[in-house]
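Please read the following report alongside the sequence and the coordinates. The text moves from the chain as a whole to individual helices and residues.

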Amino acid sequence: MDNVEMEEFVNAVRERSDIYEVVSRYVPLTLKSGRFWACCPFHEEKTPSFTVTPDKGIFYCFGCHEGGNVFKFISLMEHITYFEAVKLQAERLGIKLPSRKKTSEEIKFENEKEALQKITSFARNFYHNCLMNSKDGEQGRKYLAARGITESVIKEFCLGFAPDSWDALTKKVKSQGFSEKQLVAAGLAVEKKGGNGVYDRLRGRVIIPISDIAGNAVAFGGRILVNAEDQPKYLNTPETEIFVKGKMLFGLDKSSRAIINANTAIVVEGYMDAISLYSVGFKNVVASLGTAFTEEHAKILSRYARRIIFCYDSDDAGQRATVRALPIMKNTGAEVYILIVPDGKDPDEFIRNHGKAAFKKLLDNVTPFLDFQFQYKLKHIDFSTLQGKMQVLHEILPLCNEIKDTLIQREYLKKFSSVLLLDENVILEEWRKISGRPPNEKKVAPKNFPKTKVSLISQAGVSIIKTLWHEPELLNYVNALVPMENFINIHREIINYIGKCYEEGRTPDTLNSARELSPEANLEISRIFGNTDPNEAQMLAFHDSIKIMQRVELEKRYQNIEREIQELSKVGDIENLNLKILNLIEIQKEITEL
């Protein structure tokens, strides 16, 4: 399958996709003023600000500013990649994905992964059957009952038990036609020293299957019950072709819908913490499998929820892990909070000792990101000296830059002043050094482009793009009258895309723009066409916008000549000074005519 075939496939799916029909499967749409409206499915709101424009094939939300074409909508709703959304819509429409002949290496690799998947699936069923139906599994059942794990939760997570035997699983898996080599590749068996056979990796343990987002078993964790003295308390199967710790969150296959509905994810360290919370009703929980929280984890979570609550163990190791994880998650733009479990307990132990209501109380009083960071610095830096106080400030003040509400900024600075026993003016001065400006001081637009003019340029750019999108042959007319650098960056990117389409003899569309433009530019396209008035006198607005952009260019030249006149006056160059004054008069005349 070549690129042409793939492009034809995607175009075929797009042409047969009615965005109104697709969106209305998820949210009810109401026709008003020539456009369809709904409450946005991507953020909470009571007044509809989400629009669908079927003739353009786009959606746009004026509240959260999410927008795009039909495939972007499906990808956001289903939490899948853009191309996975294309494939899903193709399946719904009965359009077959074009195929190509695979290489022998690709076929071999796919067969190996399929075998691993079959082995892990078989092992999950084997372990679960041992727990539920075997005599050996009785100790596992007692252990889980003592931890408050009910039979329904055991079945939902398909928990199991590994017999205290060197080859119980190995024998069963080999009887299904799989080799010892495949067992080792799946992480379920270990080669004996000398290479003479294999033995089961997990023995005498309660087994927790680790599943991918589709619910397929890909790995296992085990909690030791037998011969616990010389064994690690918890043991995971290693990374394999189907299991990478840094890309997997335990329980997401079960909790994804609850996370979306609550727009909140609770992140814990271990799978038993996640199972305990889930079992008492906190179903929007995932675990990072006891490994370091990664950027991939953050990306995955940000697809499902805006609000993230970290609830790692409250011992030193857990708090250090929290501190490392916070900026990674914060970089996605999420609202990050920390739930601190009292008395050095982990969430599982706290739930068992104090119950659901006590944990709910903790959940209702989570600590904001900046408060936690400040408290952590105070615990780990000696701030009894001036040097220590300044160290705390230098580490905490940069985080205040992320707060957009200036009143909240001020309150934090007062808190820092009170706790560190420093004059507020000292803290403001340090703020100036770090951020370049004190809190509540507004950023000033460049002198040559006041805020009103920047807004006017943006509005003019929108109007010009609306016309060029449908009549790209006018691009030469625009280029002849308006220098491209006068457009804001995002509009320049869109206009360059329109020009590229025109040169290649194709029509600009939201399908190709989704592939060729930045996410920011695609959102701007959705905003522009989602906000189009069907009765607008577009060509009149287009010509008026050209005049606005021409005036911007003339005013720039006018200001440059003014600066040149000042320099010529200083050196007494009367001849050139008079010429520049004449130029100034001509430009003023052109501005007046516009």
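A residue is called buried when its relative accessible area is under 20%, exposed when that area is over 50%, and partly exposed in between, with a 1.4 Å probe and protein chains only. C130, with a relative accessible area of 9%, is therefore buried.

This is a predicted model, in which local features need pLDDT of at least 70 and side-chain atom pairs count only at pLDDT 80 or more, while totals for chains, interfaces and linings use all residues. Residues are numbered from 1 along each chain as its sequence is written, and side-chain values use heavy atoms, with hydrogens and water left out.

**The chain as a whole**

The protein chain holds 26 helices and 16 strands, where helices (H or I, at least four residues) and strands (E, at least two) are DSSP runs numbered from the N terminus. Of the 594 residues in the protein chain, 44% are buried. Contact here means heavy atoms within 4.5 Å; among the contacts in the protein chain with a separation of 6 or more, 63% are accounted for by residues 24 or more positions apart.

**Two helices with a buried side**

In helix 14 (residues 347-354), the buried residues are P347, D348, F350 and I351. These residues lie on the same side of helix 14, because they cover an arc of only 165 degrees around the axis, the arc being that of the directions from the helix axis to the C-beta atoms. The elements that cover them include strand 12 (264-268), helix 11 (271-279) and helix 15 (356-363). Helix 14 is followed by G355, which has a positive phi near 90 degrees.

Helix 10 (residues 252-262) has L252, S255, S256 and I259 as its buried residues. Their arc around the axis is only 135 degrees, which means that they, too, sit on the same side of their helix. As general background, an α-helix has 3.6 residues a turn, so residues three or four places apart point the same way. The buried residues of helix 10 pack against strand 12, strand 13 (285-287) and helix 12 (295-304), and N263, just after helix 10, takes a positive phi of about 55 degrees.

**Positive phi in two loops**

Most residues other than glycine have a negative phi, and most peptide bonds are trans. The table sets out two loop residues, other than glycine, with a positive phi.

| Residue | Phi | Loop | Relative accessibility |
|---|---|---|---|
| C158 | near 55 degrees | between helix 7 (151-156) and strand 6 (160-162) | 16%, buried |
| L421 | near 55 degrees | between helix 18 (406-420) and helix 19 (424-435) | 70%, exposed |

**A buried arginine**

R203 is found in the loop between strand 8 (198-200) and strand 9 (205-211). Which side chain of opposite charge is nearest to R203, and how far away is it? The residue is D164, at 5.1 Å, and R203 is buried yet has no salt bridge, a salt bridge being a side-chain nitrogen of Lys or Arg within 4 Å of a carboxyl oxygen of Asp or Glu. For charge, Lys and Arg count as positive and Asp and Glu as negative, whereas His and the chain ends are not counted. A polar atom of the R203 side chain does, however, lie 2.7 Å from the backbone oxygen of D200. When neighbours within four places in sequence are left aside, R203 is in contact with A162, P163, D164, S165, W166, I224 and Q231.

**Cysteines, and two further buried residues**

A search of the whole structure finds zero disulfides, a disulfide being a pair of cysteine sulfur atoms within 2.5 Å. C40 is accordingly in no disulfide, and the nearest cysteine sulfur, that of C61, is 3.6 Å away. C40 counts as buried at 7% relative accessibility.

L131 lies in helix 5 (residues 104-133) and is buried, with a relative accessible area of 0%. Although L131 and F161 are 30 residues apart along the chain, their C-alpha atoms are separated by 4.7 Å. Leaving aside neighbours within four places in sequence, the contacts of L131 include G137, R141, L144, I154 and F161.

T367 belongs to strand 16 (residues 367-368) and is buried, with a relative accessible area of 14%. Not counting residues up to four places away in sequence, T367 touches Y337, I338, I340, F372 and Q375.

Note on methods
Polar contact = N/O pair within 3.5 Å; in protein donor to acceptor, adjacent residues only side chain to side chain.
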